[in-house]
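Visitor: I would like a close look at one part of this model, together with whatever surrounds it along the chain and in the fold. Please take it slowly, and give the cut-offs behind the terms as they come up.

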Amino acid sequence: MSLLLVAHGTRHPGGAVVTEEVAERARHALGVPVEACYVDVRRPTPADALALLPGPCVAVPMFLAAGYHVRVDVPEQIRATGRTDVLVGDTFGPDPALVGVAADRLHAAGLRPGDAVVLAVAGSSDPYAQADGALAARRLGHRLGRPVSLATIATGGPRVPETVAALRAEGAERVAVASWLLAPGLFQQGLDDAGADVVAAPLAAHDAVIGLVVARYEAALAAGVVQTA
């Protein structure tokens with residue numbers, strides 16, 4: 001059964017490079033046809049990619065929170081193709097394996113024992129996405145053994161620069177920002193201007209990301225996820 005990887009989309013070329021690398025590694029790991037697509041900003045769209053994939057097919061949304069895109073855009077765009085042989089798997093969400101990657105990226109960027117930590121999420125007005133972000137922050141705090149403040153890059157909560165400044169005002173000598181983003185882009189670039197001492201890289205095509213794609217694909221097959229039409 002083929003695999004459709006669904007990402008958000010970005011105008012930054014580095015974002016597409018990461019998505020294509022994940023697709024290539026998933027193709028190698030699973031030994032099935034794989035195509036990547038985007039629900040917004042850039043092509044190929046889900047319709048473009050599904051035209052290249054034989055059925056039946058599993059679609060895996062590569063999102064770190066189950067917001068509007070996951071719950072509405074992805075199934076609607078797949079349904080609009082008229083395909084009835086596409087199963088939609090679970091999205092990534094605040095999976096513990098990815099929280100571990102975020103912690104590793106933060107340590108690699110130079111995290112020190114006394115640093116205050118911020119988890120930077122894209123942000124959303126969707127309550128499901130907000131809940132996933134809050135869970136990711138709690139899990140990261142547990143992993144690091146210290147409090148982690150949640151901040152947004154775009155919307156839906158306190159912004160990253162404000163949170164960094166607030167932590168300094170409360171006495172933090174150094175502030176480290178963990179990136180809850182999959183790929184480089186304008187959001188990641190914005191973290192560099194947030195006033196933190198340490199900014200971690202995005203999750204990118206880490207082995208754990210590939211492993212989660214495989215796990216979501218296999219779980220969809222085993223569960224017989226409801227078809228989109």
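In which loop is the place of alanine 204, and between which strand and which helix does that loop run?

Guide: The model is predicted, so local features are reported at pLDDT of at least 70 and side-chain atom pairs at pLDDT 80 or more, while totals for chains, interfaces and linings use all residues. Residues are numbered from 1 along each chain as its sequence is written, and side-chain values use heavy atoms, with hydrogens and water left out.

Alanine 204 sits in the loop that joins strand 8 to helix 8 (207-223), where helices are DSSP runs of H or I with at least four residues and strands are runs of E with at least two, both numbered from the N terminus. Although alanine 204 is not a glycine, its phi is positive, at about 55°. With a relative accessible area of 18%, alanine 204 is buried (under 20%; exposed is over 50% and partly exposed in between, using a 1.4 Å probe and protein chains only).

Strand 8 (198-199), which precedes this loop, is one edge of a sheet, strand 6 (148-155) being the other, and each of these edge strands pairs on one side only. The sheet is open, with four strands in the order 6-5-7-8 and parallel pairing (two strands pair if DSSP finds at least two bridges between them). Towards the other edge, strand 5 (residues 116-123) and strand 6 are joined in the parallel sense over six bridges, and within that pairing leucine 119 stands opposite leucine 150 of strand 6.

Two helices accompany these strands. Helix 4 (residues 96-109) lies across strand 5, strand 7 (175-180) and strand 8, and runs at about 140° to strand 7 (axes are lines fitted to C-alpha atoms, for helices over the stretch in contact, and angles between N-to-C directions run from 0 to 180 degrees). Helix 6 (residues 160-169) also packs on the sheet, touching strand 5, strand 6 and strand 7, and its direction makes about 150° with that of strand 6; contact here means heavy atoms within 4.5 Å.

Backbone geometry can also be followed in two loops elsewhere in the chain. The peptide bond from arginine 43 to proline 44 is cis, with omega near 5°, and proline 44 belongs to the loop between strand 2 (34-38) and helix 2 (46-50). A cis bond also links glycine 55 to proline 56, with omega near -5°, and proline 56 lies in the loop from helix 2 to strand 3 (57-61).
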